[in-house]
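Visitor: I should like to understand the terms used for this model. May I ask about them in turn?

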Amino acid sequence: MKQKVEALKKEIVAYIASSEQELEDFRMKFISRKSVIGDLFLEMKNIPAEEKKEAGKLLNELKNLAQDKFKELIDGFNSQQGDSKIPEGLDLTLPAVKDTIGAEHPLNRVKARIIEIFERIGFNLSEGPEIEDDWHNFSALNFPENHPAREMQDTFFIEKNPDIALRTHTSSVQVRVMENQKPPIRTLSPGRVYRNEAISARAHCVFHQVEGLYIDKNVSFADLKQTMLHFAQEFFGKGTKIRLRPSYFPFTEPSAELDIYWGLKNETDYRITKGTGWLEIGGCGMVDPNVLQSSGIDPEEYTGFAFGMGIERMAMLKYQINDLRLFTENDIRFLKQFVSL
Ligand code: PHE
C-alpha cells in the first residue's frame, strides 16, 4: 500500500495538463468516485487493524494532494487559455508594425515660441470660443453694419442664425477679456480662425492667429513699436529691423501693418518680398476708443494697443515652407523636419 501511495504521489506532482482532455483524465484518475484513490480507500477493509490508522493517514494526504493539484491545474489551464485566445482575423504570422515616433507639429512649435516671447514680458494667455456671435467678432470691434468682412464670401455663418459665425479672427477673445477684466490687461490669444477662402498654396479656410492686447494708463504708440521690435528680434534674430506702414482696421486707430526687413539675398527673397526686401508679418494699432467703450473700459482713462499675426505665416517664413497645405496633410516626412525654435 505504502509503495502504491508513493508512486501515485509522484505521478500527481509531475502531471501536466495542456488540454481539456488531459484535465478530465486527471479528474477521472485521481478525483472521481472511481479513481485510483477511491479504490485504495476500498482496500482499507483488507488491512490489518493495527496498520489501519497509518494507512488512513497516508490515503487522506494523497487525496488532499490530488485535490490541490487539480485546482492548480484548472487555474493554470484557465489563465493559459486567456492568453492564447486569438481574436478572429488576427494573423500572427504577419510581420510586426514598426513603431514610429511622431513629431511636434511645426505650427505648435511656432505658437509655443511666440507665447514664450510674450510671456516673458508679462503677457498672459486667454482663450475664447471658435463659434462666435456677431457682437464679439464684429460689432464690439467697431465693424460698421455693412462692412465687407461680414459678408458671406469672408465669413462662415450659421444658416439658421446669422448672428452666429465661426470666428474670423481671435480679436473676439480680446473683447471677452476686456468685458471681464479691469486694466491693466496684457493678454495673448492664440487660436484657430475661419474664413471662407478657396484652399491653395497661399490661403486656407482654417488657420491660426495670435493676437495681443495691452491696456493700461498712458499706453502709447511708442510702446507698441518697441514691443513689436522686441518680438521681431526675439523671433527672427537680434539684428532684425521693422517698419510700421499705415493701414486700416475697424478696431484700431491709428492702424499699421508690421513689416520686417527680410533682405534680398537670393531669387526667393525677391519673389517673396516683391523686390522690396520687406515682408509683412502682421497688423497692429492703438485700440479704437469705441472698442474700449463697447467693452466697458473708459477711453478717457485708458489707452491700449493690439496686434495680430498668422501662425502659419510665421512658420512659413521661419522654416521656409512654400505651401500652406502641407500643414494639414499630416505627412510624417514633412512634420519630422522641424527642430525647436
Ligand atoms: N484681427 C486682425 C486680422 O485678423 C489683425 C489685427 C489684430 C490687426 C489686432 C490689428 C490689431 O486681420
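Guide: Let us begin with the ligand, around which 13 residues lie, the closest being His 169, Ser 171, Arg 195, Gln 209 and Glu 211. This is a predicted model, in which local features need pLDDT of at least 70 and side-chain atom pairs pLDDT 80 or more, while totals for chains, interfaces and linings use all residues. Residues are numbered from 1 along each chain as its sequence is written, and side-chain values use heavy atoms, leaving out hydrogens and water.

Visitor: What makes a residue one of those that surround the ligand?

Guide: A residue is near a molecule if one of its heavy atoms lies within 4 Å of it. By class, this shell has 5 nonpolar, 6 polar and 2 charged residues. Ala, Val, Leu, Ile, Met, Phe, Trp, Tyr, Cys and Pro count as nonpolar, Asp, Glu, Lys and Arg as charged, and the others, Gly among them, as polar.

Visitor: Why is the pair between His 169 and the ligand called a polar contact?

Guide: A polar contact is a pair of N or O atoms within 3.5 Å. A side-chain N or O atom of His 169 is 3.1 Å from a nitrogen atom of the ligand, so the pair qualifies. For oxygen atoms of the ligand, the distance is 2.9 Å to an N or O atom in the side chain of Arg 195 and 2.8 Å to a polar side-chain atom of Gln 209. The protein covers 89% of the 330 Å² of accessible area that the ligand has on its own (Shrake-Rupley method, 1.4 Å probe).

Visitor: What makes a space a cavity and not a pocket?

Guide: On a 1 Å grid over the protein atoms alone, a 1.4 Å probe fits in a cavity but cannot get out, whereas a pocket is an open set with protein on both sides within 12 Å along at least five of seven lines. The search finds 2 cavities of 30 Å³ or more, and the largest holds about 50 Å³; a volume is the space filled by probe spheres set on the points, which are joined across faces, edges and corners.

Visitor: How do you know that Leu 141 lines the largest cavity?

Guide: Lining residues have an atom within 4 Å of a point. Leu 141 is listed in that lining, as are Ser 171 and Phe 251, so Leu 141 meets this limit. The lining divides into 7 nonpolar, 3 polar and no charged residues.

Visitor: Which classes make up the lining of the second largest pocket?

Guide: That lining has 3 nonpolar, 3 polar and 5 charged residues, and the pocket has a volume of about 180 Å³.

Methods: A polar contact is a pair of N or O atoms within 3.5 Å; within protein, one must be able to donate a hydrogen and the other to accept it, and residues adjacent in sequence count only if both atoms are side-chain atoms.
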